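Hi everyone, thanks for making time for this. Let's bring the structure up on the screen and walk through it together.

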Amino acid sequence: MTRKLLTGNGAAAWGARLANVDYVPAFPITPQTEIIETIAAWSDAGEIPARMVTLESEHSMITAAGAAAATGVRVFTATSSQGLLYGMEMVYTVAGWRVPLVMVNVSRGVAAPLTLESDHNDIMAARDSGFLQIHCSTCQEVLDSVLIAYRLAEDKNVRLPVIVNLDGFYLSYTREPVEIPEPEAIRKFLPAFDTKNSKFRASTPTSQAVAVLGGSPYSYFRYETHLAAMQAIDVYGDIAKTFSQQFGRNYPAIEAYRCEDAEIVYVMIGSFSTKAREAVDQLRQTGTAVGLVRPRLLRPFPTKELQKVTAGKQGIAVIDQNISMGKGGVLHTEVASALYGKSNAPKILTSFIGGLGGRDISAEEFYEMVKVTKQAINDGVTPEPRLLYTRDEYREMQKLQAIAHVEREELETTQ
Amino acid sequence: MYRIRFHGRGGQGMKTASRILGTAFFLECFEVQDAPRYGAERRGAPIFSYVRASRSPINERGVITNPDLIVVADDSLIPIPAAGVLQGITDNTTLLINGHDDANTWKHRLNINCKVLILPVTEEVEDRAELPFVGSACVGAAARLIGVITEENLVEAVNDEISSLGADLIKQNIDQATQAFELMAKHEGLVKESTSKTPLDYEQPEWINIPFENASISAPTIHAAATSVEVRTGLWRTLRPVINYDRCKNCWWVCSTICPDSAISVNEKSEPVIDYDHCKGCMICVARCAPHAIETIPEQLAQEKEKQTA
Amino acid sequence: MNEVVMQHMTDLPSTHLLGTGTPMCSGCGGLEALHEIYDVLGKNTVFVNAAGCMTLLSVYPFTPFRGSWLYTAMASAPAGAQGVRDALDILLEQKCIKKEEDLEVVVLTGDGSAYGMGLSATSGAIERGLDFIYICYDNEGYGNTGQQFSAATPHAAKTATSRGSSGFAGYKKDLFSIWAAHKPSYVATVIGSEPLDLARKIEKAKQMKGPRLIIALAPCPPGWDFNPRDTVDIGKLAVKTGVWPLKEYIDGKVIHNIPHHRVPVEDYLQKQGRFVHLFTPKRNEEMLNEMQARVDAYWDAVSE
């Protein structure tokens, strides 16, 4: 085992390397490029046996990835944002093929307006596809999650593709100390790809991914995909346990940090959750009983685990780095649906939407979210969802609009 | 936790500087986070990178807004607001400037009370975008100011991060780093670890509800032509092209046509005129001017001359 | 090369691989071409299919293939072929499968995908030198959705989205030349109504490596509006009139089967309902002349 400084992208590439992947269809997109550049360099130098092919689009890339997995090799691929959306037809499609592969998504906000910086709307768009989703908060977790993801995808009771998600910039370009396990140890954890379930061979004619006529067979295949995803909760739990026993790093489906005696918990995913963790530590020092609930697994959604860790709390503050136009935060909706009507569920569920397009969420804002949630508990009234946006930001925005010759008079006169 | 920010221009090796310092901390068994701030990473344009280091796991993320040490590789960036060099500076911050002017001059100029140290520019170069080894010198100085990094680990970190450059360049970078390390000996340990903002002393964020504004206002549309002239890309310039009108043949179609930035216009006397607010200093005009009527002057020098004549 | 085998109609296979019972329309010119092609390619193939009429060949739990099949999506069948080919090569390299287990990877799409949405993926696959065969069944419109015009629809044809008095205003895209411009190993046009020519070309393609691309004109009874019994007649007329040139691109050159005696284009047009407005209520002399002139000009250029 070596410990070295790696970016999130570097950690993702190491995950693929240690998983001994056979095939890497690729297409470059910021901020994912470093992953495929790293793998290309290893491949060119003969350090890894994987075959890499650059396709002409993400749509083709995901098609090739699924097709290769359907033929019977271990496949790794990676994308981000617009690329994920461009390939979205195939994200849904290859999940329906029931082929195991791992795709890393480096989260980045989606257009319009176009941005290079991070939020979770891209990955949320893939939420209902049948791809399972693991969300990372550190570079170490990225490497480890890629390895866990292969075992999960290839489990005979699951056999679904998995997305490992990391935040652009905040993880992708940020170096942190990462332990790189020995290949020998990985071989014990992740056996060679078993082609038993997916293959095209001359001796065994197979028609994969065929159409259906009528709602009944369609419903059957779709429900079965859902059931496989649901199976993945327990399967994931077992894999995480094995991983923990072997490597000493613990990745439960839901990370619960200082939750036991907490009155209020933050719920959030991704790299900014370490900031929430910091806020928990700081608030605890001032006597406020706060905890952090971080779903690592977003699909399947660990409903029971969430119910358990939040049972008896007074309030939950959900922080969404995404926005569903016309509804609000996606994670907030997920949490609400998991807890509604449960006798032990917290009465107050506040919703905060922030960190869109790479906007920071400051320590002050984390403290303030707890304050707002506390107030709501005292009042017994859940406030409206809150967009994390300050008067200064709005003022700056108005300056930009002045440069863009946006006519504001109309608004001012009608108010 | 230590929080260090490096500011420089694209081409001056700020990403490498943060990586070297990050690796040096790592070799001292610190938990580390280092990252470049990507954006318009263009030669000559302002760029920054940052390093966090702590004995315990680091939970903070993103851009450092409360730096303990700000390292400025190129002092010409300090007065440029867009470069954000002074963002989050307090009296507890240490400001390390690679430049000619002394510390007091900067304190007066910037009206600041923090500790200011000068890393003397060892050799003046014509093109500041190619300031040699400035990144390594900055790291060497920073390492000593922080005081928890040994010279041995500094050298190893430089080696680790630029191993692909070849023996000569590695040696020169190491020399620069260790010289700067020596130079800051009397300030060893000047930079102290700071704590995080606590819930007791934090400033309440002034959240607002953004008002609804209809699409004529709130769509990402620019309702005017050529608003980009408000972006002063002249700040990127490290070399300045200056037209010697005695030699200029008024063949303005050459320099004015080939300037990629439309920064050379022609006046009523058919003379080419350079728009220094926007000229990025690429020097294509210098290279292509047949009568050699455009000279190259280091931007720093040109600005000093301007100040004197003003 | 086994070309000698295919000298006479009697050399063609007498037993057929493609299973019966498919949901393709009665008299389908595309299915006719496919079943002839399949006989030559053999069952050690994996078809990678894009959205189109032939998607319905394999509808759970029925498949007519004795080999394998993968449905992808409308835009990316060649990328699916890339994934399958690369995976098979990896498995061969790793000795996970034996040579006898290898498959010929065959993309199967309609003209909607080949001429339009899938063109970028095809271009990419050719440029990467992918070892595959591409079969396009070209029925000159989006047939599976009710024959709206596509980039393969010929001038003046009435379609579900060109019902006006002059039919489709555009012209059929020259996919053969677009493909050939990529300099692949082989490009050929075929038609099911000329089975010997088709079999020879498929046999030839089968012996080669790299990108090999085939366009099969597919007379379409419902889409072109003719009686299913006329599929072969119309196909033969497409060739005899010179409307559908049988040609090959190989070693950088285009080789034509030049018709000995070209018959008038209108002989082909008047058999199809989609062109009936050129003849009734009044003969559209101008348009018929223009269409004849275009075909003449094509063959004049060929013989130069």
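Let's begin with a single residue in chain C. Leaving aside residues up to four places away in sequence, Thr153(C) touches Glu140(C), Gly141(C), Thr159(C), Phe168(C), Tyr171(C) and Lys172(C). Before I go on, please keep in mind that this is a predicted model.

Where along chain C are we? Thr153(C) sits in the loop that runs between strand E4 (132-138) and helix H5 (175-181) of chain C. Is Thr153(C) buried or exposed? Its relative accessible area is 0%, and the cut-off for buried is under 20%, so Thr153(C) counts as buried. The side chain of Thr153(C) also has a polar partner: one of its polar atoms lies 2.8 Å from the backbone nitrogen of Ser150(C).

Now let's step back to the chains. Two pairs of chains touch, and the pair with the most contacts is A and B. Chain B and chain C, on the other hand, have no contact, and their closest C-alpha atoms are 30 Å apart.

So let's spend some time on A and B. How many residues take part in the contact? It takes 50 residues from chain A and 43 residues from chain B. Together the two chains bury about 4,300 Å², with 55% of that on carbon and sulfur atoms. On the chain B side, three residues are worth highlighting on your screens: Asn59(B), Arg61(B) and Trp207(B) supply 21% of the area that chain B buries against chain A, more than any other three residues.

What about charges and polar groups? The interface of chain B and chain A has seven salt bridges. One of the salt bridges you can look up pairs Arg175(A) with Glu161(B), where the closest N and O atoms are 2.9 Å apart. Between the two chains there are also 27 residue pairs in polar contact, both residues being at pLDDT 80 or more.

Which elements of chain B give two or more residues to the side that touches chain A? They are helix H1 (14-27), strand E2 (31-37) and helix H6 (215-218) of chain B. E2(B) gives the most, with seven residues. If you sort that side of chain B by class, you get 18 nonpolar, 14 polar and 11 charged residues.

Next, the inside of chain A. This chain is divided into domain 1 (2-247) and domain 2 (254-393). Taken over C-alpha atoms, the centres of the two domains of chain A are 28 Å apart. In the contact between them, 28 residues of domain 1 meet 27 residues of domain 2. The area buried between these domains is about 2,300 Å², and carbon and sulfur atoms give 55% of it.

This domain interface in chain A has three salt bridges. Glu334(A) and Arg127(A) form a salt bridge, their closest N and O atoms being 2.9 Å apart. There are 16 residue pairs in polar contact across the two domains, again with both at pLDDT 80 or more. On the domain 1 side, at least two residues each come from helix H6 (121-125), strand E6 (132-135), helix H7 (139-154) and helix H9 (215-247) of chain A. The largest share, five residues, is from H9(A). That side of domain 1 has 13 nonpolar, nine polar and six charged residues.

That's my tour, and I'm happy to take questions.

Notes
Residues are numbered from 1 along each chain as its sequence is written. Chains are lettered from A and ligands numbered from 1 in the order in which they are written. This is a predicted model: local features need pLDDT of at least 70, side-chain atom pairs count only at pLDDT 80 or more; totals for chains, interfaces and linings use all residues. Side-chain values use heavy atoms; hydrogens and water are left out. Contact means heavy atoms within 4.5 Å. Buried area is the accessible area (1.4 Å probe) that two parts lose on being put together, summed over both. A salt bridge is a side-chain nitrogen of Lys or Arg within 4 Å of a carboxyl oxygen of Asp or Glu. A polar contact is a pair of N or O atoms within 3.5 Å; within protein, one must be able to donate a hydrogen and the other to accept it, and residues adjacent in sequence count only if both atoms are side-chain atoms. Helices (H or I, at least four residues) and strands (E, at least two) are DSSP runs, numbered from the N terminus. Ala, Val, Leu, Ile, Met, Phe, Trp, Tyr, Cys and Pro count as nonpolar, Asp, Glu, Lys and Arg as charged, and the others, Gly among them, as polar. Domain bounds come from an automatic or database domain assignment. Buried means under 20% relative accessible area, exposed over 50%, partly exposed in between (1.4 Å probe, protein chains only).
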